[in-house]
Amino acid sequence: MTVESEVRIASIPRGLTAIGAGSAPFEPVFAATELAQGEMRRVTFGDLDLLVANTSIGMVAIDDRCPHMSAPLSLGELDGCLVACPLHSGQFDLSTGNPTRMPTTGGLDADGNYHPVWAPEGREPKPDPPGVKAEARRLTRVRRVRYYPLRIRDGLLEVAVPRG
Ligand code: FES
C-alpha cells in the first residue's frame, strides 16, 4: 500500500481556498503518516502559521488563527471534523468551513447575522456594558475557515504556501 492510498487529503470546500494559495508553490511539511487521525499541529512559514489537522474526512491545512479573534486553533480540540477554539469556545466544521458554534462573546456570523453573548440554557444573556468594547464584540464577524491545498510527494505531506 502506498502512502498516497493510506493518507487521505480532504477536498477544499468551494470558494474557501486562502487568497494566493491556489497557485502557490508547495512546501514540505512532515512525513505524510506522521500525524495520526484526530491529531493536529501548527506549522510555520515566515509569519504564516498554519494548522494541519488529520480529521475524520482526511488531512486539511487552514490558518492557525481562529476566524473570530485569531487565537491559535492548534491549542483547541479536534473531534472528528470539528475544531473548537480555546479562547471563546467557537467551533468550526472543517468539512465545510462553517462555524458550528458561535463564540461566547457573540457577534456576527459569516452571513452577517447577529448572535448575542452566550448565556446558560433558559437564561437571558448578560447585558454587555455599553461602550466601544461591546461595539467591537458586536461587530466582530466570524468568517468561514480558509484552506491551503495539500498534496503528498515521495511520502512527504506538502502544503501550498503563498509567497509574501
Ligand atoms: S478567538 Fe476563537 S472563539 Fe474567539
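How many aromatic pairs does the structure hold? The count for this predicted model is 0, so with a 6.5 Å limit on ring centres there is no ring pair to show. The close-ups below turn to charges instead.

**View 1. Two arginines over phenylalanine rings.** Arg 151 lies over the face of Phe 26, 4.1 Å from the ring centre. Arg 41 places its charged end over the ring of Phe 30, with 4.7 Å to the centre of that ring.

**View 2. Arg 163 and Glu 27, one of the 7 salt bridges in the structure.** The N to O distance between these two side chains is 3.5 Å. Glu 27 belongs to strand β1 and Arg 163 to the segment after β12, so this contact ties together parts 136 residues apart in sequence. Arg 163 is exposed at 63% relative accessible area, while Glu 27 is partly exposed at 22%.

**View 3. A salt-bridge network of Arg 42, Asp 49 and Asp 64.** Asp 64 and Arg 42 meet at 2.6 Å, N to O. The first sits in the loop between β4 and β5, the second in strand β2, 22 residues apart. Asp 64 is buried, with 0% relative accessible area; Arg 42 counts as partly exposed at 37%.

**View 4. Asp 111 bridged to Arg 144.** Their closest N and O atoms are 3.0 Å apart. This pair links the loop between β9 and β10, home of Asp 111, with the loop between α2 and β11, home of Arg 144. Asp 111 is exposed at 56%, and Arg 144 is partly exposed at 27%.

**View 5. Lys 126 in the loop between β10 and α2.** Lys 126 is exposed, at 70% relative accessible area. Its C-alpha atom is 20 Å from that of Arg 141, 15 residues away along the chain.

Key: Residues numbered from 1 in each chain as written. Predicted model: local features only at pLDDT ≥ 70, side-chain atom pairs only at ≥ 80, totals over all residues. Heavy atoms only, no water. Phe/Tyr/Trp six-rings, centres within 6.5 Å; stacked < 30°, edge-to-face > 60°. Lys NZ or Arg CZ within 6 Å of the ring centre and 35° of its normal. Helix = DSSP H or I, 4+ residues; strand = E, 2+ residues; numbered from the N terminus. Buried < 20%, exposed > 50% of the residue type's maximum accessible area, 1.4 Å probe, protein only. Salt bridge = Lys/Arg side-chain N within 4 Å of Asp/Glu carboxyl O.
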